[in-house]
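Work through the following exercises with the sequence and the structure at hand. Each task is followed by a solution in steps.

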Amino acid sequence: MSDWRSGMTPEEFRDKLALLPKNPRKRYGVIGYPIKHSASPKIHRHWGEQYNKRIRYDAIEAPAGHFSEVAYDFFLYGGRGLNVTVPHKQIAFRICNELSERARACGAVNLLEQRKDGTFVGDNTDGAGLVRDLTVNQKLDISGIHIAVIGAGGAARGLLLPLLELAPASLVLANRSIKRAQQIASELQLADAIETCAMRKLANRHFDLVINATSAGLQGRIPTIPTEIILQDSTCYDLAYGKAANPFMSYAKRKGAARVLDGWGMLVEQAAESFEVWHRLRPD
Ligand code: ATR
């Protein structure tokens, strides 16, 4: 990762941010790439209106390798809190002074808060948001089922532990190259709890729940998965929503999946957690 401004270490960069004067005009936002499609600004502004608060929340574009450059300007001009999405969750992890247990456990951060004293607190709400959407909103019973998580980037990391806590019969993490999947399993100390495999090795296996954690949809593509893994009683879930979820969702529907869901519910659950952390108010 060669993102850091002028050769700084993540720690030096973080200390520099801590010394920035506090701009009284507080800002919030979501940082990632691509980001123009993000519905987060609308959601946060909507809740702000509910509470009669004028909230400045923007979609902030930062291509891979530019997180620190863009984040610096954000915090210079009043930034107090950031949602972090593809491809920066692991970079954001490295600028935190404090981490929640779940963020530390998965090595990725999707929720950043800068405290008044300049310190950064990081959390990962991906797994909690997904699990809440699956079990509460969709009423899916995870215990005893067979799950495949496809894709082994920053998005997949936060999901594994919260899913395992619900005692599925098995959980397979599959990626085009098995190496990244193995790396996550080893970093999260899950080598005994999950199976890792190359995507093509999923052929002829059947899963009750297939979760698309790849970024293929952001490029308008269907992830390269063997066709047989989706059957008529499968539930298919794409972590993305809107246009980016279309390729996988249409594909799953064509294959006859019983239920095909996008990540809208997960997004709203996560947004509510962020809103509560930053504004101490829990939206409905
Ligand atoms: P992040 O880490 O922020 O989630 P990423 O590092 O770009 O973003 O990871 C994206 C994931 O989507 C990776 O697992 C990637 O697979 P590779 O490790 O093999 O690159 C996966 N991915 C992207 N496009 C894909 C495609 N067309 N088919 C299958 N997997 C894809």
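**Exercise 1. Determine which residues of helix H3 are buried.**

Step 1. Residues Phe67, Ser68, Val70, Ala71, Tyr72, Phe74 and Phe75 of H3 are buried; buried means under 20% relative accessible area, exposed over 50%, and partly exposed in between, with a 1.4 Å probe and protein chains only. Helices (H or I, at least four residues) and strands (E, at least two) are DSSP runs, numbered from the N terminus.

Step 2. Helix H3 covers residues 67–76, and because seven of its ten residues are buried, the helix is largely enclosed by the rest of the structure.

Step 3. H3 lies across S1, S2, S3, S5 and S6, at about 145° to S3. Contact here means heavy atoms within 4.5 Å; axes are lines fitted to C-alpha atoms, for helices over the stretch in contact, and angles run from 0 to 180 degrees between N-to-C directions.

Step 4. After H3 comes Gly78, which has a positive phi near 100°.

The model is predicted: local features need pLDDT of at least 70 and side-chain atom pairs count only at pLDDT 80 or more, while totals for chains, interfaces and linings use all residues. Residues are numbered from 1 along each chain as its sequence is written, and side-chain values use heavy atoms, with hydrogens and water left out.

**Exercise 2. Establish the strand order of the open sheet with mixed pairing.**

Step 1. Six strands form this open sheet, in the order S2-S1-S3-S5-S6-S4. Two strands pair if DSSP finds at least two bridges between them.

Step 2. Strand S2 (57–61) and strand S4 (98–99) are at the edges with a single partner strand each, so one side of each has no neighbour in the sheet.

Step 3. Strand S1 (residues 27–32) pairs with S3 in the parallel sense over five bridges, and the bridge partner of Tyr28 in S3 is Gly81.

Step 4. Strand S3 (residues 79–84) runs antiparallel to S5, joined by three bridges; Leu82 has Leu112 as its bridge partner in S5.

Step 5. S5 and S6 pair in the antiparallel sense over four bridges, with Val121 in S6 as the bridge partner of Glu113. These two strands form a hairpin with five residues between them, and Gly118 in the turn has a positive phi of about 95°.

**Exercise 3. Decide which residues lie on each side of strand S5.**

Step 1. In a regular strand, side chains alternate between the two faces of the sheet.

Step 2. In strand S5 (residues 111–114), Leu111 and Glu113 lie on one side, and Leu112 and Gln114 on the other. All four are buried, and both faces of S5 are thus covered.

**Exercise 4. Describe the surroundings of Asp123 and Thr125.**

Step 1. Asp123 is in strand S6 and counts as buried at 14% relative accessibility.

Step 2. The side chains of Asp123 and Ser100 are joined by a polar contact of 2.6 Å. A polar contact is a pair of N or O atoms within 3.5 Å; within protein, one must be able to donate a hydrogen and the other to accept it, and residues adjacent in sequence count only if both atoms are side-chain atoms.

Step 3. Not counting residues up to four places away in sequence, Asp123 touches Ser100, Arg102, Ala103, Val109, Asn110 and Leu111.

Step 4. Thr125 is in the loop between strand S6 (120–123) and helix H6 (126–137), and is buried with a relative accessible area of 1%. Leaving aside neighbours within four places in sequence, Thr125 contacts Arg102, Asn110, Leu111, Gln270 and Glu273.

**Exercise 5. Describe the open sheet with parallel pairing.**

Step 1. The order of its six strands is S9-S8-S7-S10-S11-S12. Strand S9 (195–198) and strand S12 (259–261) are the edge strands, each pairing on one side only. From one strand to the next, the twist averages 15°.

Step 2. Five bridges join strand S7 (residues 146–150) to strand S8 (residues 170–175) in the parallel sense; Leu171 in S8 is the bridge partner of Ile147.

Step 3. Helix H9 (residues 246–254) lies across S7, strand S10 (209–212), strand S11 (235–238) and S12, at about 170° to S11.
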